[in-house]
Amino acid sequence: MTNSPFGFDTLQIHAGARPDPATGARQTPIYQTTAYVFRDADHAAALFNLQEVGFLYSRLTNPTVAVLQERIATLEGGQGAVCCSSGHAAQIMALFPLMSPGMNVVASTRAYGGTITQFSQTIKRFGWSAKFVDFDDLEAIAAAVDENTRAIFCETIANPGGYITDLDAVAQIADRASIPLIVDNTSATPYLCRPFEHGASIVVHSTTKYLTGNGTVTGGAVVDSGTFDWSATDKFPSLSQPEPAYHGLKFHETFGPLAFTLHGIAIGLRDLGMTMNPQAAHYTLMGIETLSLRMQRHVENAIRIAEWLETDPRIEKVTYAGLPSSPYFKRMERICPNGAGALFTVAVKGGFDACVRLVDSLQIFSHVANLGDARSLIIHPASTTHRQLEPDQLEAAGAAPNVVRLSIGIEDAQDLINDLDQALTQATS
Ligand SMILES: *Cc1c(COP(=O)(O)O)cnc(C)c1O
């Protein structure tokens, strides 16, 4: 984006796409094919040796997915992107070139619940580990980084407590340790925040959420800024040292700013196989064309509804960084100048039982384990996603028994307010 003469609204429609060379089709076709015919044996050999970039097998590359990859990379202002089958796949794909057994990632305690589980439990099977720290405590982050730390990981707008990370400050800590800052930009999208402009080296997305925006497909993306120097230390041998699976090729030396992206395709997708399929890429391309328009409405609606809830006597607290009363409001203006997104939590008077009645009484809001849809969504973490947790863990996760999480959609704000109003009456009477 930084290198493009075009604005965001133009790029979200055009970046990466051109009329189909075979048919002139204006919309990007769904290339529903597994394989691609080689011109001849030399062409095949060049592709397999990474001497030529092209399409050989859809586990690695597909023309529809490639358009989406370029679109997302452009909107984030990165050098390249690799799409994968889900947001969680993207997180593993982002860590994979950096980590090896015994290495760790320093991560924010305020992360998506699934990320906490993936990082605290599942990555241990690879011999990796995560150290969780409160990212408002910069000294604690710096202290957690040790000689085996290979990345720092956080979210721009942390799901769900209306928390905004000071990306510039965290990026400086990563810089001093010669490790990349990875930012999960799912809740903000590149329309609200471009983490590379705040010092991040890698961005990951769950494209399942706002980028697709219509709740149809799961997907993920890993975007590389292209600016991290993988050869400056001996910490990243997968990128700086000879790769045995490609006749000793050194990714960073050979591909420069595209090293991380090409490693993600040539090693990551080839051997982990967490590939995005072309149908999913198509749905996400359809969604991304209206990203800025949707995000503007999401933010507008969220502000209006949060302000209404904040003054309602049936509500104890609203944690939305877009409210001037939020401790993160000033930081939001610096990190997410286009708005604080549309996800926030609300503490309801009447505790657990009132929350369950509220969720059951709503008519427009859907009770689902998803966010970032065009339609408004609600979940009561204590009775669903977080029901295994002890009371003190619930509190720490911002999911106390009296808390519901709202994902505000792009419907008429007044209809959403009316729906919340009638459901709150039923819940608290
Ligand atoms: C949903 C989500 C994920 C996981 O993405 P999936 O596509 O569900 O695998 C990761 N991070 C955040 C912030 C999310 O909202």
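I started with the two faces of strand β1: Gly80, Val82 and Cys84 sit on one side, Ala81 and Cys83 on the other, and all are buried. Buried here means under 20% relative accessible area, with a 1.4 Å probe and protein chains only. In a regular strand the side chains alternate between the two faces of the sheet. β1 covers residues 80-84, and 5 of its 5 residues are buried. Strands are DSSP runs of E with at least two residues, helices are runs of H or I with at least four, both numbered from the N terminus.

Note to self: this is a predicted model, where local features need pLDDT of at least 70, side-chain atom pairs need 80 or more, and totals for chains, interfaces and linings use all residues. Numbering runs from 1 along each chain as its sequence is written, and side-chain values use heavy atoms, leaving out hydrogens and water.

Next I looked up the partner of β1. Strand β9 (residues 220-224) runs antiparallel to β1, joined by 5 bridges; DSSP has to find at least two for a pair. Cys83 faces Ala221 of β9.

Then I turned to the ligand. I found 14 residues around the ligand, with Gly87, Asp184, Ser206, Thr208 and Lys209 the closest; a residue counts if a heavy atom lies within 4 Å. Helix α4 (residues 87-95) gives the most to this shell, 3 residues.

Which atom of the ligand is 2.6 Å from a side-chain N or O atom of Asp184? I see that it is a nitrogen atom. A polar side-chain atom of Ser206 lies 2.8 Å from a ligand oxygen.

Note on methods
Polar contact = N/O pair within 3.5 Å; in protein donor to acceptor, adjacent residues only side chain to side chain. Buried < 20%, exposed > 50% of the residue type's maximum accessible area, 1.4 Å probe, protein only.
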